[in-house]
Amino acid sequence: MNDASVTQRITDIRRARGESLAILAHHYQRDAVVAHADILGDSLELSRKVAGLSARDIVFCGVFFMAETAAMLAGPGQRVHIPAPDAACVMSEMAPAALVGAVLDRLAAAGRDVLPLTYVNSSAAVKAVVGARGGSVCTSANAGKMLEWALDQGRGVLFLPDKMLGQNTCNALGVPVEKRCILDVRGGGMRLDLEAAGKAEVLFWPGQCVIHARFKARDIAAVRAAHPGVKVVVHPECAPETVQAADAAGSTSFIIKYVAEAPAGAEIVIGTEINLVSRLARRYQGEKTIRPLCVSGCSNMAKGTEENLLALLETLDTAAPVTVPEDVRGPATAAVAKMLEVSA
């Protein structure tokens, strides 16, 4: 089946199923997939939209933790599917639930009471560990608001799994560097520096996004030298020195808005996943110049294709939906619900 026939077949199925089907896609998906989305957004936007959907079948084009979150927020009788079940997230896998629990237990045994705040880029099992301890979830769009909320609870905070987003958020909130600590979680948590952890207000899990780690401050210096007057906007999963060298930093939705509001003739260099950058470059071609800081693509997001979207849609009635065990679903949903409440 050629590309045109795949596209047409998906269009036909969507038309036939009508309002019983909703397709959601993350901004980092391929254009061919995004073209079929009823709702396109970042993690926060898509999380908020799920609860209001009436469709029986929700197809989530993204990586697996996103589909898990959607499954937790879906209503009775609704089913969530993902075209590429093997689309993982390297960052989320840097924080296995058992290890997160062991680290929190070791800190508690040493007298360090911390409230866990997990980035949405984490498994449902990790969200459950966090929810069971009174913690919550954040996205790159609301990390500042959620970290403020966590600090206001009067306990220390463990921010996981992204040390980059955690540090950038602390920089934005003015949390002193001496009040922060990146944990060493090797050896099942037995290498923790409990003395340092006891003095810090914010503890960071040592994870990071391999896509955004590729963007360096030196890349920004080079592009400024080559193109004087250029504006640089990056994602806050980049290293703190990269964020500090940029003109602005924010979530995918922030980046889209930044480009939209830039004046005609603006030259903007973007440090985030290449699918979004390329899409923005095409959208504003002839009006604004949009370029990537460097080409950095997510191989897991790339697992979502028109072909596997079609394969799923053709077997939708018998396809196994994404499920979250009830003992995980309860506390994990509580953590996500707290985020939606605080960030409303």
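## Helix packing and a parallel sheet

In this predicted model, helix 13 and helix 14 cross in a right-handed sense. The contact draws on Thr-252, Ile-255, Ile-256 and Val-259 from helix 13, together with Leu-276, Leu-280 and Arg-283 from helix 14, and by class these residues comprise five nonpolar, one polar and one charged. Helix 13 spans residues 252–261 and helix 14 residues 274–283, and the two pack with their axes 11 Å apart at an angle of about 20°. Since angles under 35 degrees count as roughly parallel, helix 13 and helix 14 are therefore roughly parallel to each other.

The model also contains an open sheet of four strands, paired in parallel and arranged in the order 2-1-3-4. Its edges are formed by strand 2 (39–41) and strand 4 (79–81), each of which pairs on one side only, while neighbouring strands of the sheet are turned against each other by 20° on average, with direction ignored. Within the sheet, strand 1 (residues 21–26) and strand 3 (residues 57–61) run parallel and are joined by five bridges; Ala-25, for instance, has Cys-61 of strand 3 as its bridge partner.

Two helices lie across strands of the model, as set out below.

| Helix | Strands it lies across | Angle |
|---|---|---|
| Helix 3 (residues 43–50) | strand 1, strand 2 and strand 3 | about 145° to strand 2 |
| Helix 15 (residues 306–314) | strand 1, strand 3 and strand 4 | about 165° to strand 3 |

Strand 1 and strand 3 thus appear in the row for helix 3 and again in the row for helix 15.

Definitions and conventions: Residues are numbered from 1 along each chain as its sequence is written. This is a predicted model: local features need pLDDT of at least 70, side-chain atom pairs count only at pLDDT 80 or more; totals for chains, interfaces and linings use all residues. Side-chain values use heavy atoms; hydrogens and water are left out. Two strands pair if DSSP finds at least two bridges between them. Axes are lines fitted to C-alpha atoms, for helices over the stretch in contact, and angles run from 0 to 180 degrees between N-to-C directions. Contact means heavy atoms within 4.5 Å. Angles under 35 degrees count as roughly parallel, over 145 as roughly antiparallel, 65 to 115 as roughly perpendicular and the rest as oblique. A crossing is left-handed if the near helix is turned anticlockwise from the far one by less than a right angle, and right-handed if clockwise. Ala, Val, Leu, Ile, Met, Phe, Trp, Tyr, Cys and Pro count as nonpolar, Asp, Glu, Lys and Arg as charged, and the others, Gly among them, as polar.
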